[in-house]
Amino acid sequence: MGMSVTISEAVERDAEQIFRLQYLCFQSEAALYGNYRIEPLVQTLESVRAEVTGDCVFVARLGDEVVGSVRGRLAEDGSAAIGRLCVHPRLQGHGIGARLLRAAETALAGERGATRFRLYTGHRSEGNLRLYQRVGYRTVGTEQGTDGVRMIVLEKPAEEYAATA
């Protein structure tokens, strides 16, 4: 009998596994853009630890292994920025990313009062764009990332979180 993937809030001891998973998962994004200095690849372990303790961070676990993660942070205007969604390559395509998004949205809206969700993805990241659109996000603009990658900005109202994913 196989194990099930569970979604839970991250704890401080998860930071190193999140850091390593993020580095693994964002290699394909770096290759897509020919840029290995994208933010998820240059982030430090210390800053991941700070996010785990200060932000809304969820992980997907298969047994003791962290196989996915997502982070969210409430802004002063009531919007919630969601980012760094990643799922181990061997488990992609099984709905884990959508489940992580739903967990983050539920916590950000229900516990922190977010009025809308915003996320960013690279303009060539077709799989990411399909996922985000499937769970209700709509393109609202583009921005140049600090790493030089053109980012698509997507949003959805917080009241739609329960009906998606």
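User: Is N35 buried or exposed?
Analyst: Buried, with a relative accessible area of 15%. Buried means under 20% relative accessible area, exposed over 50%, and partly exposed in between, using a 1.4 Å probe and protein chains only. Keep in mind that this is a predicted model, where local features need pLDDT of at least 70, side-chain atom pairs count only at pLDDT 80 or more, and totals for chains, interfaces and linings use all residues. Residues are numbered from 1 along each chain as its sequence is written, and side-chain values use heavy atoms, with hydrogens and water left out.

User: Where is N35 found, then?
Analyst: In the loop between α2 (27-33) and α3 (39-42). Helices (H or I, at least four residues) and strands (E, at least two) are DSSP runs, numbered from the N terminus.

User: And what does N35 touch?
Analyst: A30, D147 and V149, not counting residues up to four places away in sequence. Contact means heavy atoms within 4.5 Å.

User: V149, ok. What about Q144, which residues is that one in contact with?
Analyst: Leaving aside neighbours within four places in sequence, Q144 is in contact with V149 and R150. Q144 sits in strand β6 (residues 138-144) and counts as exposed, at 54% relative accessibility.

User: How far is Q144 from L32 in space?
Analyst: 16 Å, C-alpha to C-alpha, with their positions 112 residues apart in sequence.

User: And T146, where does that lie?
Analyst: T146 is in the loop between β6 and β7 (150-157). At 75% relative accessibility, T146 counts as exposed. From T146 to G78 is 23 Å, C-alpha to C-alpha, and the two are 68 residues apart in sequence.

User: Switching to S69: buried or exposed?
Analyst: Buried, with a relative accessible area of 0%. S69 lies in strand β3 (residues 65-74).

User: What is S69 in contact with?
Analyst: Not counting neighbours within four places in sequence, S69 has contacts with I18, L21, F58, V59, R84, L85, C86 and L100.

User: R84 is on that list. What's its phi?
Analyst: R84 has a positive phi of about 55°, although R84 is not a glycine. R84 is in strand β4 (residues 79-87) and counts as partly exposed, at 21% relative accessibility.

User: I18 is in α1, right by the α4 crossing. What does α1 use to meet α4?
Analyst: A15, E16, I18 and F19 in α1 meet L45, V48, R49 and V52 in α4. The residues of that contact divide into six nonpolar, no polar and two charged. Here Ala, Val, Leu, Ile, Met, Phe, Trp, Tyr, Cys and Pro count as nonpolar, Asp, Glu, Lys and Arg as charged, and the others, Gly among them, as polar.

User: At what angle do α1 and α4 cross?
Analyst: Roughly 120°, with the axes of α1 (residues 15-25) and α4 (residues 45-54) coming within 9 Å. Axes are lines fitted to C-alpha atoms, for helices over the stretch in contact, and angles run from 0 to 180 degrees between N-to-C directions. The two helices are therefore oblique to each other: angles under 35 degrees count as roughly parallel, over 145 as roughly antiparallel, 65 to 115 as roughly perpendicular and the rest as oblique.

User: Last one: L100 is in α5. How many residues of α5 are buried?
Analyst: Eleven of its 15, so α5 is mostly covered. The buried ones include L100, L101, E105 and L108.
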